[in-house]
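Reader: I'd like a close look at one part of this model, namely the charged side chains that pair up. Could you walk me through them, and then through the aromatic rings?

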Amino acid sequence: MSTSRRGRLFAALVVPATLLLLGSTAQAATLSPEVDPVAAINADIAQHNHDLGSQIRRVEGDKSTPDTQRAAQQPQPGQAIPGQVLATVAGMDVASYQGNVDWAYWWNQGKRFVWTKATESTSYTNPYFAQQYNGSYNQGFIRGAYHFATPNTSSGAAQARYFVAHGGGWSKDGRTLPGALDMEYNPYGATCYGLSKAGMTSWILDFHDTYKSLTGRWPVIYTSTSWWSSCVSGDFSSTAPLWVARYSSSVGTLPYNWGFYTVWQYTSSPLDQDTFNGAYDRLQALANG
């Protein structure tokens, strides 16, 4: 997301004091009545927060156009899930950059599902999580949460536990999606966080297995084919639904051994937009487990 777009998103922002209590522990500990809350949140975001796909766009670019966006919302015959009707469901994903989201507006634009950023590493929580996660649910969305992974800061198990403890859990209510693990380029340094392919596979497996033990569900894995091919050697295709990022008119080659995608992030304009690969009842099935 560009600096100018972030500025526009915050231009008319008013933050209730109670929402600030839901922010990161680091910010909450230093906030005082004299501090401008919007400035404090902006500073926290700049230092600690990266939204889904931000590093993929930084490295690979977002070449989407209105034409590619229209094409991406159509069924992709070559990626059909066996036994499912060729169809798509429109969705989106959000983070603190979007602030308090107008869920009625996006519902009227045809969006029906959303993942909201909950956490990053074991130190950051989205200060707008409650409004985004609960507000979307109250509007009728099928919603889920995601975690931005930093595999060089703590174990996969530690980050899975932190994620579940801060909004990333799952409930069998028919409208809560399994949590998503965001695996992408390192915003702080080496592309693969200093890990070998085997080491990265072990880290993801640690998160994957811990999340399953805590929630009863396997996590969705979000990534790009290029990053995954560079950094991971393992095969998660039999358990983890794939959420792939590619900003083009077709989804392209998928990461290792996934025969189809479940969700496709196809643009970041005017915010991150996604399609579910199937009809609405299959999206409900994903939520139900």
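Author: Let's start with a cut-off we'll lean on: a residue counts as buried when its relative accessible area is under 20%, taken with a 1.4 Å probe and protein chains only. Asp 272 comes out at 6%, so it is buried. Keep in mind that this is a predicted model.

Now for what Asp 272 does with its side chain: it meets the side chain of Arg 57 in a salt bridge, at 3.3 Å from N to O. That pair ties together distant parts of the chain, since Asp 272 sits in the loop between β8 (263-267) and β9 (273-277), while Arg 57 belongs to helix α5 (residues 54-60), and the two are 215 residues apart.

Arg 57 has another partner as well. Its side chain also forms a salt bridge with that of Asp 51, here at 3.1 Å from N to O. Put together, Asp 51, Arg 57 and Asp 272 make up a network of salt bridges. What about the burial of the other two members? Asp 51 has a relative accessibility of 4%, so it counts as buried. Arg 57 has 11%, and therefore counts as buried too.

Stepping back, the structure has four salt bridges. One of the four joins Glu 120 to Lys 117, with the closest N and O atoms 2.7 Å apart. Both Glu 120 and Lys 117 are buried.

Some charges go with rings instead. The charged end of Arg 143 is placed over the ring of Tyr 133, 3.8 Å from the ring's centre. Arg 175 does something along those lines with Tyr 137, lying over its face at 3.9 Å from the ring centre.

On to the rings themselves. Searching the whole structure turns up 16 aromatic pairs. Among them is Trp 228 with Phe 236, an edge-to-face pair with 6.0 Å from centre to centre and 80° between the planes. Trp 228 and Phe 236 are both buried. Then there is Trp 264 with Tyr 266: the ring centres are 6.2 Å apart and the planes stand at 70°, so this pair is edge-to-face. The angle cut-off behind that label is over 60 degrees. Trp 264 and Tyr 266 are buried as well.

Last, a bigger grouping: Phe 113, Trp 115, Tyr 222 and Trp 243 come together in one aromatic cluster.

Key. Residues are numbered from 1 along each chain as its sequence is written. Side-chain values use heavy atoms; hydrogens and water are left out. Rings of Phe, Tyr and Trp (its six-membered ring) pair if their centres lie within 6.5 Å; planes under 30 degrees apart count as stacked, over 60 as edge-to-face and the rest as tilted. Buried means under 20% relative accessible area, exposed over 50%, partly exposed in between (1.4 Å probe, protein chains only). A charge sits over a ring if NZ of Lys or CZ of Arg is within 6 Å of the ring centre and within 35 degrees of the ring normal. Helices (H or I, at least four residues) and strands (E, at least two) are DSSP runs, numbered from the N terminus.
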